[in-house]
Amino acid sequence: MIVLIADSGSTKTDWVVVKHGVPVQQIFTKGTNPYFQSEEEINKEISENLFPQLDLNKYPIEKVWFYGAGCAYADKVEVIHHALYEHLKVPVEVGSDLLGAARGLCGHEPGIACIMGTGSNSCFYDGIGITQTVPPLGFILGDEGSGASLGKQLVSDCLKKQLPEEIRKMFMAQFQLTPEIILERVYKRPFPNRFLAGLSSFLAQNLEVPELRNIVLNSFKLFFMRNVMQYEYKKYPAHFVGSVAYFYQPVLEEAAEAVGIHMGKVIQSPIRGLINYHK
């Protein structure tokens with residue numbers, strides 16, 4: 001059987017064509033999120049950037065599994081389903097990115113599954129499905145530990161002069177920013193979460209600066225306290241997927257130890273686990 005498996009966040013989508021359990025083609029497109037994009041916008045991204053790269057004569061796809069950000073509710077699931085089914089008249093199953101993370105991290109075993117990328121999320125997974133969640137609430141009200149949250153705190157500390165002056169100047173110069181540009185991008189332009197998450201790379205580049213390291217460490221501690229500690233964290237390990245968890249793993253482990261969380265897997269993408277899950 002030939003299937004198409006997708007893992008989609010707000011920033012990028014990882015598509016893999018799998019033949020008899022073996023990946024034969026991998027494609028990357030921009031992220032899709034039906035909370036922030038219309039069906040027309042998602043359809044355009046799929047039709048212009050995904051389907052021209054698929055060789056349906058060589059690999060006639062028979063089923064699609066799509067796991068994506070913003071796909072937790074039926075009306076949003078339908079947006080993705082319609083966009084895919086319009087091009088591929090095969091069964092299409094759409095699930096949340098959180099379910100994809102849980103299946104990719106835990107397989108058929110119970111555990112706590114966490115996403116830490118542009119946004120953040122978490123759940124308790126019983127080996128079959130998600131049985132408990134804490135609402136992530138997005139980067140304005142929540143998303144602790146995410147790239148967008150880290151970027152937001154970095155920008156706030158910079159503009160409110162909570163950072164050393166040379167660090168402030170370095171940051172603004174590296175990204176060619178002014179206060180006016182920042183406010184424009186955050187409050188008037190689309191996808192402020194992507195913009196802020198992109199700025200968070202400055203933290204990874206300068207973790208030796210105590211003020212910057214504390215932004216990351218404190219954000220991770222908040223993620224654990226406000227999310228993971230609402231599950232049976234003393235009984236089950238917490239597994240992580242996403243670029244933030246992956247690239248800041250030493251700081252993440254320090255935060256986990258500080259609050260008594262047992263760390264499990266830390267991977268950048270769940271796609272390999274999803275391939276194994278759907279064999």
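**Salt bridges and exposure**

Me: Why is Glu-254 called partly exposed?
Reply: In this predicted model, Glu-254 has a relative accessible area of 34%, and because buried requires under 20% and exposed requires over 50%, Glu-254 counts as partly exposed.

Me: What makes the contact of Glu-254 with Arg-213 a salt bridge?
Reply: The closest N and O atoms of Glu-254 and Arg-213 are 2.7 Å apart, which is within the 4 Å allowed between a side-chain nitrogen of Lys or Arg and a carboxyl oxygen of Asp or Glu, so the pair qualifies. The bridge links distant parts of the chain, with Glu-254 in helix α12 (residues 249-259) and Arg-213 in helix α10, 41 residues apart.

Me: How do you know that Glu-93 and Lys-63 meet in a salt bridge?
Reply: Their side chains come to 2.9 Å, N to O, and this lies within the 4 Å cut-off, so the name applies. The pair ties together parts that are 30 residues apart in sequence, because Glu-93 lies in strand β5 (residues 92-96) and Lys-63 in strand β4 (residues 63-68).

Me: Why is Lys-63 called buried?
Reply: The relative accessibility of Lys-63 is 17%, and since buried means under 20%, the label follows for Lys-63; Glu-93, with 38%, is partly exposed.

Me: What makes Glu-144 buried, and Arg-226 partly exposed?
Reply: Glu-144 has 10% relative accessibility, under the 20% limit, and therefore counts as buried, whereas Arg-226, at 45%, falls between 20% and 50% and so counts as partly exposed.

Notes. Residues numbered from 1 in each chain as written. Predicted model: local features only at pLDDT ≥ 70, side-chain atom pairs only at ≥ 80, totals over all residues. Heavy atoms only, no water. Helix = DSSP H or I, 4+ residues; strand = E, 2+ residues; numbered from the N terminus. Buried < 20%, exposed > 50% of the residue type's maximum accessible area, 1.4 Å probe, protein only.
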